[in-house]
Amino acid sequence: MKNISFSCLFSCSASTVYTHIPTEHLCSHFLFETGGKPEASSTVEMEELPVPQNIKISNITCDSFKICWDMDPRAKDKITHYFIDLNKKENKNSNKFKHKDVPTKLVAKAVPLPMTVRGHWFLSPRTEYTVAVQTASKQTDGDYAISEWSDIIEFCTADYSTVHLNQLLQKAEAIAGRMLKFSVFYRNQHKEYFDHVKEVQGGRLLPSVKDNSGSHGSPISGKLEGILFSCNTEFNTGQPPQDSPYGRLRLTVPAQALFGPHTRLYFGDFYCMYTAYHYVILVVAPRGSPGDVFCQERLPELDAADNRFLTCVATEDGQLEFRHAQDVILEVIYTEPVELAQGTVAEISGHQLMSLSTVNAKKDPSCKTCNISVGR
Ligand SMILES: [Zn+2]
């Protein structure tokens with residue numbers, strides 16, 4: 001059976017991985033039910049327990065939320081527990097059997113509202129959930145008297161916060177490796193792409209919305225607009241590789257045109273796709289540009305002269321020297337339009353390695369190297 005990691009709803013220190021669900025070993029704050037409704041078989045209906053009304057969800061993060069509701073104050077003293085039924089919102093295309101082993105019913109000790117629900121074992125970022133609540137009263141024989149279920153409320157968890165992104169950043173720093181010199185950013189595409197740039201866009205590459213590759217819950221997926229560039233070099237030649245999954249034509253732009261004192265650098269994401277390669281997404285945004293403003297609120301900023309992935313350092317003779325991490329593949333998103341005239345377009349001599357494409361690539365959720373403990 002798959003291991004399931006539990007942690008306490010109320011953020012006490014209990015957090016243990018079990019192969020089954022030995023509820024007697026969990027902390028006293030809560031219990032889990034894996035199948036059926038918590039009231040099944042041994043509980044009795046007790047009309048006077050108040051049904052939670054007007055449920056409100058607030059303070060939503062990628063792995064927690066606060067919940068509160070109204071209830072008849074006269075019966076409050078009888079309530080010893082809350083039953084919370086939390087489910088991923090049914091998706092027509094999803095496999096109904098996929099999440100069957102994940103417990104969704106919580107029995108929480110009654111606490112003053114709002115109550116914080118924090119359980120990274122089932123809350124994923126950027127995911128829609130439904131929630132309903134019962135009030136319950138534990139009887140002397142151990143059974144529960146319960147109210148009717150409340151109305152069902154829907155909500156969506158948030159993207160990774162900068163706290164989580166900083167954890168991801170630290171994981172990426174650990175495997176980035178030594179720094180190699182580079183001098184150009186490059187972008188491969190098909191002939192049709194560059195024809196369109198010349199004939200329709202007046203010679204300018206325009207930013208487009210980032211796809212859903214990388215971490216589920218990344219705040220830039222589907223939101224940040226930019227143009228994707230590479231800068232990795234081959235350690236033996238010091239030059240960009242001659243292969244690319246993205247097309248036979250390559251725009252090559254001098255590094256200082258896109259990255260330097262006029263830009264800010266942000267850590268965007270860290271992921272892999274079931275292969276040995278790890279990818280780090282960085283964002284380079286001209287200071288004060290819309291992309292810069294977007295990232296400032298959402299992503300960890302990196303010191304352009306001193307970080308483990310991509311650096312720009314002024315040498316004594318006033319030249320800029322650029323370096324990239326050797327052991328990760330960098331995907332650099334530049335957030336503003338780029339003129340074709342800033343660089344040169346030429347055909348690569350290598351192959352088109354489609355398998356290395358990261359377009360809408362799904363992150364491997366089981367990789368210990370690039371996953372933090374929240375979400376999937
Ligand atoms: Zn990985």
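Arginine 126 sits in the loop between β9 and β10 (128-138). In this predicted model, the phi of arginine 126 is near 45°, a positive value in a residue other than glycine. That is worth a pause, because most residues other than glycine have a negative phi. How buried or exposed is arginine 126? With 19 C-beta neighbours inside 10 Å, arginine 126 counts as partly exposed, because a residue needs 20 or more to be buried.

Tyrosine 274 makes a nice companion to look at next. Its phi is positive too, at about 65°, although tyrosine 274 is not a glycine. You'll find tyrosine 274 in the loop between β19 (263-272) and β20 (278-286). Tyrosine 274 has 11 C-beta neighbours inside 10 Å, so it counts as exposed.

While we're on backbone oddities, go to the loop between β8 (105-109) and β9 (115-118), where proline 114 lies. The peptide bond that joins leucine 113 and proline 114 is cis, with omega about 0°. Again a general habit gives the contrast: most peptide bonds are trans.

Now step back for the whole picture. The protein has 376 residues, and 34% of them count as buried. Its secondary structure comes to 4 helices and 26 strands. Take the contacts with a separation of 6 or more: 76% of them are between residues 24 or more positions apart.

Strand β6 (residues 64-70) is a good place to see how a strand is laid out. In a regular strand the side chains alternate between the two faces of the sheet. Along β6, Phe65, Ile67 and Trp69 point to one face and are buried, while Ser64, Lys66, Cys68 and Asp70 point to the other and are not. Which strands pair with β6? One is β5 (residues 53-58), which pairs with β6 in the antiparallel sense over 4 bridges. Among the matched residues here, serine 58 has lysine 66 as its bridge partner in β6. The hairpin of β5 and β6 has 5 residues between the strands, and in it asparagine 59 takes a positive phi near 45°. Another partner is β9, which runs antiparallel to β6 and is joined to it by 4 bridges. There, the bridge partner of phenylalanine 65 is valine 117 in β9.

What about the nonpolar residues on the inside? In soluble globular proteins, nonpolar side chains tend to be buried together. The largest nonpolar core here holds 51 residues, and Phe185, Phe229, Leu282, Val283, Val284 and Val332 touch the most other members. The element that gives the most to this core is β20, with 7 residues. A second, separate core has 20 residues, including Phe65, Trp69, Tyr82 and Ala136. Back in the largest core, pick out valine 284: leaving aside its neighbours within four places in sequence, valine 284 is in contact with Leu258, Phe259, Thr263, Leu265, Val332 and Tyr334.

Phe185 leads on to a small sheet. Phenylalanine 185 stands opposite valine 253 in β18. The strands β14 and β18 (residues 249-254) run antiparallel and are joined by 6 bridges. They belong to an open sheet of 3 strands in the order β14-β18-β26, with antiparallel pairing. β14 (184-189) and β26 (344-347) stand at the edges with a single partner strand each, so one side of each is left without a neighbour in the sheet. On average, neighbouring strands of this sheet are turned by 25° against each other, direction ignored.

There is also an open sheet of 3 strands in the order β13-β23-β22, again with antiparallel pairing. Its edge strands, β13 (179-182) and β22 (310-314), each pair on one side only. From one strand to the next, the twist averages 35°. β22 and β23 (residues 320-325) pair over 5 bridges, and valine 313 has glutamate 321 in β23 as its bridge partner.

Finish with helix α4 (residues 290-298), where Gly291, Phe294, Cys295 and Arg298 are buried. Why do they end up on the same side of α4? They cover an arc of only 90° around the axis, which puts them there. The face turned away from the buried side carries the exposed residues Val293 and Glu297. Covering the buried residues of α4 are, among others, α1 (162-175), β17 (225-229), β19 and β20.

Terms used:
Residues are numbered from 1 along each chain as its sequence is written. This is a predicted model: local features need pLDDT of at least 70, side-chain atom pairs count only at pLDDT 80 or more; totals for chains, interfaces and linings use all residues. Two strands pair if DSSP finds at least two bridges between them. Helices (H or I, at least four residues) and strands (E, at least two) are DSSP runs, numbered from the N terminus. Axes are lines fitted to C-alpha atoms, for helices over the stretch in contact, and angles run from 0 to 180 degrees between N-to-C directions. A residue is buried if 20 or more other C-beta atoms lie within 10 Å of its own, exposed if 12 or fewer, and partly exposed in between; C-beta atoms are placed from the backbone. A nonpolar core is a set of buried Ala, Val, Leu, Ile, Met, Phe, Trp, Tyr and Cys residues joined through C-beta atoms within 7 Å. Two residues are in contact if their C-beta atoms, placed from the backbone, lie within 7 Å. The arc is that of the directions from the helix axis to the C-beta atoms.
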